[in-house]
Amino acid sequence: MYVDMVTARHYEERLQEEYLEGKQPAFDISAGPIPGELHLAAGHEAAAAGVCQHLRDDDAVTATHRPHHVAIAKGVDLERMTAEIFGRETGLGKGKGGHMHLFDPDVNFACSGIIAEGCPPAAGAGLAAKKRNTDSVAVAYLGEGAIDQGAFLESLNFAAVHDLPVVFVIEDNDWAISMPKDRVTDVENGAQRAGGFDMPGVRVDHDDAVAIYDAAKEAIGRARDRNGPTLIEVQVHRRMGHFMGDPESYRPEEDQEAAAERDSIARLEADLQAHGVDEEAIAEMRDDAHERVEDAIEFAKDQPEPDPSAAHEDMFVNPPSGVTDTEPEYDLAGGDD
């Protein structure tokens with residue numbers, strides 16, 4: 001868990017540096033080596049590491065628009081993920097999806113920029129596992145600002161009605177974009193939502209990786225044993241803005257300072273030392289994680305950008321006649337199957 005968390009923290013700090021290159025002093029979202037938006041999850045690492053330690057490659061995970069810590073903990077290919085974030089041809093989505101639309105079928109990981117969008121696919125993966133009579137499970141991550149979304153509530157109901165092996169994990173960082181939690185939802189404890197669907201609801205009140213690990217062990221074990229879904233809410237903290245370039249003028253300075261002081265990585269490091277892991281071993285883990293991140297970034301920066309002609313490849317619908325040099329393969333108006 002420590003390695004995953006250190007890797008995720010350093011990865012996002014480095015992405016922040018790369019992202020801001022060329023975008024200042026006047027913020028230009030299209031400039032620099034990483035164009036477009038970038039949402040970072042520094043401070044959320046324990047929620048990913050504590051849960052994903054219990055998962056296998058055949059277990060499905062859906063993440064949010066802050067997906068990197070979950071992707072790393074699930075085992076997504078770091079080089080290909082980084083290439084995708086940099087918009088390179090060898091990325092997970094051939095450089096066309098960017099950081100909010102990562103998909104790695106080798107470890108059954110996906111994410112989306114749409115709030116609570118990962119809940120229905122996770123319920124679907126749980127249904128597929130049940131119909132195939134396997135013991136694989138699905139995990140859906142979402143933020144506390146998403147617990148009022150219809151997709152989330154409908155997925156809870158569907159998972160409960162069909163006793164699906166799904167674990168829903170709410171990452172509560174106290175801020176629904178720019179709104180404090182108590183202004184956008186009616187419950188202080190998001191795990192209470194489980195009560196309306198007759199499933200267990202558990203809240204971990206502090207971002208402690210070991211406490212999250214214990215809660216997830218029970219929930220995922222319950223799912224593997226085909227005893228239905230569980231809802232877990234984890235208190236995390238947001239060390240950065242909602243997106244890179246966010247001035248956070250809505251956020252009191254004392255809240256930002258408090259978030260900076262609540263470091264789940266430092267807490268886990270202290271736990272390791274208390275259990276006899278010496279500083280040299282911890283430093284080696286940390287150095288290896290940093291090296292892996294640097295290698296992934298260098299790999300991504302060396303990769304080619306997609307050829308513009310590839311814009312019409314891998315589409316759900318073929319482009320109309322005349323847009324490309326080749327005619328559409330199928331007649332979508334009712335021709336050959």
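Asparagine 133 takes a positive phi of about 60° in this predicted model, at a position just after helix H5. The helix that precedes this residue spans residues 119-132, 14 residues in total. From first C-alpha to last, H5 reaches 20 Å, close to the 20 Å expected at 1.5 Å a residue.

The two sides of H5 can be told apart by their burial. Cys119, Ala122, Ala123, Gly126 and Ala129 are the buried residues here. Because they cover an arc of only 120° around the axis, they lie on the same side of H5. An α-helix has 3.6 residues a turn, so residues three or four places apart point the same way. On the face turned away from the buried side, H5 carries the exposed residues Lys131 and Arg132. The partners of the buried side are a mix of strands and helices: its residues pack against strand E1 (60-63), strand E4 (138-143), helix H6 (150-161) and strand E5 (166-172).

Three of these partners, E1, E4 and E5, belong with the sheet, to which the description now turns. Seven strands make up an open sheet with mixed pairing, in the order E2-E3-E1-E4-E5-E9-E8. Strand E2 (103-104) and E8 stand at the edges with a single partner strand each, so one side of each is left without a neighbour in the sheet. At the E2 edge, two bridges pair E2 with strand E3 (residues 109-111) in the antiparallel sense. Phenylalanine 103 has alanine 110 in E3 as its bridge partner.

Moving inward, E3 is joined to E1 by three bridges, and these two strands run parallel. Here valine 61 stands opposite phenylalanine 109 in E3. The residues of E1 are buried whichever way they point: Ala60 and Thr62 point one way from the strand, while Val61 and Ala63 point the other way. On to the next pair, E1 and E4 also run parallel and are joined by three bridges, with alanine 60 opposite alanine 138 in E4.

E4 itself is mostly covered, with five of its six residues buried. Six bridges link E4 to E5 in a parallel arrangement, and glycine 143 stands opposite glutamate 171 in E5. Between these two strands the chain passes through H6, and this β-α-β crossover from E4 to E5 is right-handed. H6 thereby appears twice in the picture, as the helix of the crossover and as one of the elements packed against the buried residues of H5.

A loop between E1 and H3 holds proline 67. How buried or exposed is proline 67? Its relative accessible area is 0%, so proline 67 counts as buried. Leaving aside neighbours within four places in sequence, proline 67 is in contact with His99, Leu102, Phe109 and Cys111. One of these contacts, phenylalanine 109, lies 42 residues away in sequence, yet the C-alpha atoms of the two residues are 9.9 Å apart in space. Phenylalanine 109 is also the residue of E3 that stands opposite valine 61.

Helix H4 (residues 78-85) offers another case of burial. Six of its eight residues are buried, so H4 is largely enclosed by the rest of the structure. The residues concerned are Leu78, Met81, Thr82, Ala83, Glu84 and Ile85. Their cover includes helix H1 (2-20), helix H3 (68-74) and helix H10 (279-302). Both ends of H4 have a local feature worth a look. At its start, a side-chain oxygen of aspartate 77 reaches to within 3.1 Å of the backbone nitrogen of glutamate 79. After the helix comes glycine 87, which has a positive phi, near 70°.

A second loop residue completes the survey. Threonine 185 sits in the loop between strand E7 (179-180) and strand E8 (201-204). With a relative accessible area of 11%, threonine 185 falls under the 20% cut-off and is therefore buried. Which residues does threonine 185 touch, not counting those up to four places away in sequence? They are Ile147, Asp148 and Arg193. With aspartate 148, the side chain of threonine 185 makes a polar contact of 3.2 Å.

Terms used. Residues are numbered from 1 along each chain as its sequence is written. This is a predicted model: local features need pLDDT of at least 70, side-chain atom pairs count only at pLDDT 80 or more; totals for chains, interfaces and linings use all residues. Side-chain values use heavy atoms; hydrogens and water are left out. Helices (H or I, at least four residues) and strands (E, at least two) are DSSP runs, numbered from the N terminus. The expected span of a helix is 1.5 Å times one less than its number of residues. Buried means under 20% relative accessible area, exposed over 50%, partly exposed in between (1.4 Å probe, protein chains only). The arc is that of the directions from the helix axis to the C-beta atoms. Contact means heavy atoms within 4.5 Å. A polar contact is a pair of N or O atoms within 3.5 Å; within protein, one must be able to donate a hydrogen and the other to accept it, and residues adjacent in sequence count only if both atoms are side-chain atoms. Two strands pair if DSSP finds at least two bridges between them. A crossover is right-handed if, with the strands pointing away from the viewer, the path from the first strand over the helix to the second runs clockwise.
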